[in-house]
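Student: I would like to learn how to read features from a model. Could we go through one together?

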Amino acid sequence: MSTSQNVELFSGEAGTAVTVYRLVVRAADGQYDHVSGAQGDMDGVAAETVATVGGELPIALLKTGTIVKVEAGAAVAANATVGSDTSGRAITAVSGVGNWQLGKALDAAAGAGEIIRVSVTKM
């Protein structure tokens, strides 16, 4: 069973419609949107789906030692280092300058849409 651990929530304002278990980042306007760049920086994971722009968005804070649930964007192997795709979903990370990594997948995903647990070591 997939569970989160040691999660701290904070509230932000949704800048777009946001889907639960997707990675979000704070935009220049102060609102939170899905991570839109492959391997982009991230601030948290949406803890609920928020359809209303400007709606209150509960966000799971990313900090080392936290285990969060994230939607996979492709097949992911257990123990793979993951980052974000262009929709805020977890994919196998690619090393490189400017590429952000979320942490290690604790579960495997056979494909996009599956919910996996990730042990956060954000770098």
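Student: Which residues does A80 touch, not counting residues up to four places away in sequence?

Tutor: One caution before that: this is a predicted model. With neighbours up to four places away in sequence left out, A80 touches T92, G103, K104 and A105. A80 itself is found in the loop between β6 and β7 (81–84).

Student: Is A80 buried or exposed?

Tutor: A label of this kind comes from the relative accessible area, and buried means under 20%. A80 has a value of 15%, so A80 is buried. A distance can be read alongside: the C-alpha atoms of A80 and S95 are 12 Å apart in space, with the two positions 15 residues apart in sequence.

Student: What is the relative accessible area of A110, and where is A110 found?

Tutor: A110 is found in the loop between β9 (103–105) and β10 (115–120). The relative accessible area of A110 is 69%, and exposed means over 50%, so A110 is exposed. From A110 to G88, which are 22 residues apart along the chain, the C-alpha separation is 18 Å.

Student: Now the sheets. What is the strand order in the open sheet of five strands?

Tutor: The general idea is that strands of a sheet pair through backbone hydrogen bonds, either parallel or antiparallel. Here the order in the open sheet is β1-β5-β4-β2-β3, and the pairing is antiparallel. β1 (9–13) and β3 (32–34) stand at the edges with a single partner strand each, so each has one side without a neighbour in the sheet. From one strand to the next, the twist averages 45°.

Student: How many bridges are there between β2 and β4?

Tutor: Two bridges, in the antiparallel sense, pair β2 (residues 23–26) with β4 (residues 44–46). To place this pairing on residues, look at L23, which stands opposite V45 in β4.

Student: Which residues of β6 lie on one side, and which on the other?

Tutor: In a regular strand the side chains alternate between the two faces of the sheet. For β6, I67, K69 and E71 are on one side, while V68 and V70 are on the other. Both faces are covered, and these residues are all buried. Put as a count, five of the five residues in β6 (residues 67–71) are buried.

Student: How many bridges join β6 to β10?

Tutor: Five bridges join them, and the two strands run antiparallel. Within this pairing, E71 stands opposite I115 in β10.

Student: How many salt bridges does a search of the whole structure find?

Tutor: The test is a side-chain nitrogen of Lys or Arg within 4 Å of a carboxyl oxygen of Asp or Glu. The search finds four. One of them is between the side chains of E8 and K63, at 2.3 Å from N to O. E8 lies in the segment before β1 and K63 in the loop between β5 (56–61) and β6, so this pair ties together parts that are 55 residues apart in sequence.

Student: What is the relative accessible area of E8, and what is it for K63?

Tutor: E8 is at 40% and is partly exposed. K63 is at 31% and also counts as partly exposed.

Student: Are R22 and E71 buried or exposed?

Tutor: R22 and E71 are both buried. Their side chains meet in a salt bridge, at 2.9 Å from N to O. The pair links distant parts of the chain, since R22 is in the loop between β1 and β2 and E71 is in strand β6, 49 residues apart.

Student: Which residue forms a salt bridge with D107?

Tutor: That residue is R117, and the closest N and O atoms are 2.9 Å apart. D107 is in the loop between β9 and β10, and R117 is in strand β10, 10 residues apart.

Student: Last, backbone angles. What is the phi of Y21, and what is the phi of Q39?

Tutor: Most residues other than glycine have a negative phi. Y21 is not a glycine, yet its phi is positive, at about 70°. Q39 is not a glycine either, and has a positive phi of about 65°.

Student: Where are Y21 and Q39 found, and is each buried or partly exposed?

Tutor: Y21 is in the loop between β1 and β2, and is partly exposed at a relative accessible area of 24%. Q39 is in the loop between β3 and β4, and is buried at 5%.

Definitions and conventions:
Residues numbered from 1 in each chain as written. Predicted model: local features only at pLDDT ≥ 70, side-chain atom pairs only at ≥ 80, totals over all residues. Heavy atoms only, no water. Helix = DSSP H or I, 4+ residues; strand = E, 2+ residues; numbered from the N terminus. Buried < 20%, exposed > 50% of the residue type's maximum accessible area, 1.4 Å probe, protein only. Pairing = 2+ DSSP bridges. Axes fitted to C-alpha atoms, helices over the stretch in contact; angles between N-to-C directions. Contact = heavy atoms within 4.5 Å.
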